[in-house]
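Okay, thanks for coming, everyone. Let me put today's structure up on the screen and then talk you through it.

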Amino acid sequence: MSMKAQILRDASGNITIHMEGDLSYDHGPTLRKELQTIAGQNPNSKINIDLGAIDFVGASGICNFVETLKYLKTEQKTNITISNVKSEFLKVFKLYS
């Protein structure tokens with residue numbers, strides 16, 4: 001299983017990260033590092049993570065992902081949101097957030 005991301009920036013400097021593939025434990029450390037880097041390099045940008053093309057969400061992967069989002073919001077004061085969460089994954093997200 002793999003994960004890919006396409007990073008788009010609009011004219012206002014806002015960033016959208018379109019993710020596709022799977023959100024598993026294996027991708028957690030790399031994803032966290034990349035999101036921290038993007039947030040650190042763009043402290044005034046709104047960052048949206050589009051999960052519409054995520055096909056698989058593992059319990060440990062989602063836990064790491066939610067921890068990363070919490071860290072970015074509280075420690076780095078990042079304006080970050082997620083969108084297009086599939087209904088079958090929404091319950092898992094709510095459990096960990």
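I'll start with the overall layout and then go to a few individual residues.

So, first thing to keep in mind: this is a predicted model. The protein has three helices and four strands, and if you walk along the sequence they come in the pattern β-β-α-β-α-β-α. So you get two strands, then a helix, and after that strand and helix take turns to the end.

On overall dimensions, we've got 97 residues, and a compact globule with that many would have a radius of gyration near 13 Å. The protein comes out at 13 Å, so it agrees with the globule rule. If you'd rather think in boxes, the C-alpha atoms fill roughly 30 × 25 × 20 Å along the principal axes.

What about the inside? Buried residues are 38% of the 97. And look at the contacts: of those with a separation of 6 or more, 70% are between residues 24 or more positions apart. As for the outside, the protein exposes about 5,900 Å², and 51% of that is supplied by carbon and sulfur atoms.

Charges next. I count 11 positive side chains and 10 negative ones, with the centres of the two sets 7 Å apart. How many salt bridges does the structure hold? Just one. The partners are D55 and K86, whose side chains meet at 3.7 Å, N to O. That pair links distant parts of the chain: D55 sits in strand β3, residues 46–57, while K86 is in the loop between β4 (79–83) and α3 (87–96), and the two are 31 residues apart. Are these partners buried or exposed? D55 has a relative accessible area of 57%, so it counts as exposed, the cut-off being over 50%. K86 has 26%, so that one is partly exposed.

Staying in that loop between β4 and α3 for a second, N84 is there as well. N84 isn't a glycine, yet its phi is positive, about 55°. K77 is another non-glycine with a positive phi, near 55°. You'll find K77 in the loop between α2 (59–74) and β4, and with a relative accessible area of 63% it's exposed.

Now over to helix α1, residues 28–41, where I'd like you to find I38. Its relative accessibility is 12%, and the cut-off for buried is under 20%, so I38 counts as buried. Which residues does I38 touch, leaving out those up to four places away in sequence? That would be I7, I15, I17 and I47. Going by the residue ranges, I7 belongs to β1, and I15 and I17 belong to β2, while I47 falls in β3. And to tie this back to N84: the C-alpha atoms of I38 and N84 are separated by 20 Å, with their positions 46 residues apart along the chain.

Last stop, G13. This glycine is in the loop between β1 (3–9) and β2 (15–23). It's a loop residue, but at 16% relative accessibility G13 counts as buried. From G13 to K73 is 60 residues along the chain, and their C-alpha atoms are separated by 18 Å.

So, if you take one picture away, take the pair and the helix residue: D55 and K86 in the one salt bridge, and I38 buried in α1. That's me done, and I'm happy to go back to any of these on the screen.

Conventions. Residues are numbered from 1 along each chain as its sequence is written. This is a predicted model: local features need pLDDT of at least 70, side-chain atom pairs count only at pLDDT 80 or more; totals for chains, interfaces and linings use all residues. Side-chain values use heavy atoms; hydrogens and water are left out. A salt bridge is a side-chain nitrogen of Lys or Arg within 4 Å of a carboxyl oxygen of Asp or Glu. Buried means under 20% relative accessible area, exposed over 50%, partly exposed in between (1.4 Å probe, protein chains only). The radius of gyration is taken over C-alpha atoms; the globule rule is 2.2 Å times the number of residues to the power 0.38. Contact means heavy atoms within 4.5 Å. Accessible areas come from the Shrake-Rupley method with a 1.4 Å probe; for residues, only the protein chains shown count as cover. Lys and Arg count as positive and Asp and Glu as negative; His and the chain ends are not counted. The place of a charge is taken as NZ of Lys, CZ of Arg, CG of Asp or CD of Glu.
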